[in-house]
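Me: Could you walk me through this structure and tell me how each label is earned?
Reply: Happy to; let's put it up first.

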2 protein chains.
Amino acid sequence: MDESLSKGYPWTKQPLVTCAPMRLITLAPLAVSVSQAGGIGFLGAGSDTSTLSSMLDETRNLLASSSSPPLATTDPDVLPIGIGFLLWGASLEQTLDAISKAGNIPAAIWLFAPREQSDLAEWSTSIRTATKNKTKIWIQVCSVAEALSAVDLADPDVLVIQGTDAGGHGASKGAGLITLIPEVMDAVRSSSSSSSSRSSAPQQKQPRQPAFIAAGGITDGRGLASALTLGCTGICLGTRYLASPEANISAGYRNAVLAASDGGTSTIRSGVYDTLRGTTDWPAGYGGRGVVNASYRDFEAGVDWEENKRRYEEALKGEGWDGEAARLTTYAGTGVGLIREVMSAGDITRQVREDGVRLLREAASRLVGL
Amino acid sequence: MDESLSKGYPWTKQPLVTCAPMRLITLAPLAVSVSQAGGIGFLGAGSDTSTLSSMLDETRNLLASSSSPPLATTDPDVLPIGIGFLLWGASLEQTLDAISKAGNIPAAIWLFAPREQSDLAEWSTSIRTATKNKTKIWIQVCSVAEALSAVDLADPDVLVIQGTDAGGHGASKGAGLITLIPEVMDAVRSSSSSSSSRSSAPQQKQPRQPAFIAAGGITDGRGLASALTLGCTGICLGTRYLASPEANISAGYRNAVLAASDGGTSTIRSGVYDTLRGTTDWPAGYGGRGVVNASYRDFEAGVDWEENKRRYEEALKGEGWDGEAARLTTYAGTGVGLIREVMSAGDITRQVREDGVRLLREAASRLVGL
């Protein structure tokens with residue numbers, strides 16, 4: 001495993017299992033449960049940082065009131081959790097303010113979806129300065145071009161490589177992890193080694209390589225084992241944690257996740273649900289993957305937006321999740337069909353980690369004699 | 001590895017590397033080279049079976065004239081290659097006629113894209129009868145529903161699970177292999193075990209499980225290792241073999257494959273190239289993934305079909321592959337950016353197999369201490 005990364009997170013177990021910072025969904029209970037199980041939970045601060053301070057207060061209280069022993073961090077001021085931001089909406093000022101309070105320094109900051117790539121540099125530098133490098137910078141990328149730009153601009157500790165199977169928001173056009181991870185890793189390595197060979201100072205230290213975390217479609221131990229063979233240090237799960245009691249979603253949403261199957265045909269990435277919910281601020285080039293339901297079918301059938309929105313508003317008052325009439329946003333990845341039961345976030349974290357290790361060993365043991 | 005499958009193909013080496021039956025591209029030279037390197041080459045008979053007899057003649061001649069020792073098959077009448085069909089266009093009668101000639105029995109038949117699912121049953125039964133079960137039946141599926149239907153109707157020896165990263169034709173809506181393989185495998189196993197438990201005859205033998213082959217985005221040893229951890233017996237490569245001299249494509253097409261990178265953004269699955277080429281017979285629900293070039297950009301910009309076709313025809317007369325002006329169909333998967341050099345089909349087969357084994361072992365060895 002990547003030792004420099006695990007050294008920075010002494011409470012974690014390897015291989016690293018993390019929880020995606022899902023906006024409005026990954027709040028303190030989910031993030032804390034994942035970290036307490038040896039993973040890293042990311043609070044979904046998203047695009048609205050006005051409540052970040054109180055999210056962090058809740059997180060500290062939850063950690064303090066836990067009957068489990070405190071989680072070891074590299075510094076007493078550092079919280080054993082991360083925070084994820086959607087840069088197109090998040091305020092750097094509010095963020096710096098919130099994480100500067102005593103005991104509020106996150107172990108990781110996860111940056112995604114800047115309006116301009118250069119925002120990645122500003123956020124990274126400001127946060128590193130504010131936390132005296134106690135916070136590691138994670139950047140989520142959806143393509144080779146984004147990865148190279150992020151490495152160049154922000155020298156991230158971690159690149160989260162998001163494949164198109166991911167639930168919720170990601171690049172409208174993208175590749176699955178089986179091609180995206182290898183191509184991103186090759187490109188980043190080759191770019192670092194070429195900057196190194198261009199250097200005229202032979203004693204200059206080798207450019208740093210980020211660690212790689214796989215995100216998008218990974219749902220169980222098989223996905224983890226697969227990501228490890230592709231060269232990643234760990235994984236990020238989003239959709240899988242929707243089926244935990246700690247996820248801040250309604251029972252209807254959770255049941256719709258449990259009910260969906262054949263995720264390649266039952267989910268789709270689009271802008272339809274953003275439009276229906278009035279979330280109009282995402283930069284161009286992103287879409288949210290969710291379960292296809294009546295709202296999407298109406299869109300395809302050419303029902304006009306005003307009427308579709310009216311039906312959506314109506315659904316918000318009632319159930320809106322059930323069967324053929326289901327209409328509410330149900331963001332989920334193509335792995336949704338692999339999710340069949342509700343488990344605690346801690347159990348998910350442990351089970352995926354242990355299954356992944358076991359399955360990778362078993363796959364290697366089947367090679368005996370070759 | 002899956003022993004029943006490798007026993008049926010005694011000339012192959014494990015883990016199994018196969019070459020996709022690419023229509024007009026995988027002819028005898030490519031198929032034979034792959035089999036001679038210990039894989040299985042599939043002739044791309046596609047939708048036109050009128051030339052199948054002569055393809056098989058050429059294949060037998062190539063095998064006979066080779067300086068390498070003959071490849072061991074289970075029966076002297078069996079050819080160490082497979083044949084792939086697009087059922088919406090292929091003629092079962094012509095096929096039965098061609099493979100009934102002495103020495104023409106293929107080791108495998110690969111069925112894809114039937115007009116009706118029930119065609120899978122007719123083809124499977126007819127071919128098994130005609131070859132006295134010497135030919136194994138491979139069926140390519142793009143979803144869980146297709147997999148269950150194929151198993152139910154045709155009891156295939158092999159399910160080829162095609163993820164949406166694949167180049168060329170596949171389901172318009174689909175998932176990447178990281179979710180599709182596990183969900184298909186779980187569903188097929190659970191469907192077999194429930195038919196078994198419903199049986200009233202306790203001595204009745206356990207329903208047969210197909211072997212699983214991963215296709216779509218696998219490009220190198222990392223992809224192979226990843227597919228093995230997901231539970232597959234082997235893999236199918238398509239796009240990767242485009243960069244072999246044995247692939248029946250123009251230098252322009254091959255160079256366009258070598259030049260493309262960042263496949264999630266530089267390729268797209270659509271019906272645009274089918275329309276421009278006049279290939280209008282595919283059933284609904286399929287699209288071809290290819291490199292985005294001027295033809296696709298014109299389509300997006302709203303250029304009408306007649307004018308776009310005229311430009312396409314014009315491009316056919318000249319180069320049509322170069323730089324910004326490139327306009328001709330360049331089917332390729334999202335792994336296109338991982339393909340950087342031309343290698344012989346035999347070397348590709350051996351290198352991917354050996355790298356896959358090595359990388360899987362290395363990934364497992366990094367778990368030491370966990």
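Me: What makes the strands E7, E11 and E10 of chain A an open sheet, and in which order do they lie?
Reply: First, a word on the source: this is a predicted model, in which local features need pLDDT of at least 70 and side-chain atom pairs count only at pLDDT 80 or more, while totals for chains, interfaces and linings use all residues. Residues are numbered from 1 along each chain as its sequence is written, chains are lettered from A in the order in which they are written, and side-chain values use heavy atoms, with hydrogens and water left out. Now the sheet: its three strands follow the order E7-E11-E10 in chain A, with antiparallel pairing. Strands E7 (168-171) and E10 (267-270) of chain A each have a single partner strand, so one side of each lacks a neighbour in the sheet.

Me: How do you know that E7(A) and E11(A) are paired?
Reply: Two strands (DSSP runs of E, at least two residues) pair if DSSP finds at least two bridges between them. Four bridges join E7(A) to E11(A), residues 286-291, so the pair meets the requirement of at least two. Within it, A:His169 stands opposite A:Gly288.

Me: Why is helix H2 of chain A called mostly covered?
Reply: Buried means under 20% relative accessible area, against over 50% for exposed and in between for partly exposed (1.4 Å probe, protein chains only). Seven of the nine residues in H2(A), 28-36, are buried; among them are A:Leu30, A:Val32 and A:Val34. The helix's buried residues pack against several elements of chain A, including strand E2 (40-46) and helix H15 (345-365).

Me: What makes the two chains related as by a two-fold rotation axis?
Reply: Superposing chain B on chain A takes a rotation of 180° with 0.0 Å of shift along its axis, at RMSD 0.0 Å. The fit is by least squares on the C-alpha atoms of residues with pLDDT of at least 70 in both copies. The two copies are thus related as by a two-fold rotation axis. In chain B, the C-alpha nearest that axis belongs to B:Ser226, at 2.3 Å.

Me: How do you know that the copies meet through the same surface?
Reply: Contact means heavy atoms within 4.5 Å, and 48 residues from each of chain B and chain A take part. Since 100% of the interface residues of chain B are also interface residues in chain A, the copies meet through the same surface.

Me: Why is the meeting of B:Arg340 and A:Asp186 called a salt bridge?
Reply: The term needs a side-chain nitrogen of Lys or Arg within 4 Å of a carboxyl oxygen of Asp or Glu. For B:Arg340 and A:Asp186 the N to O distance is 3.2 Å, so the pair qualifies. Between chain B and chain A the count is six salt bridges.
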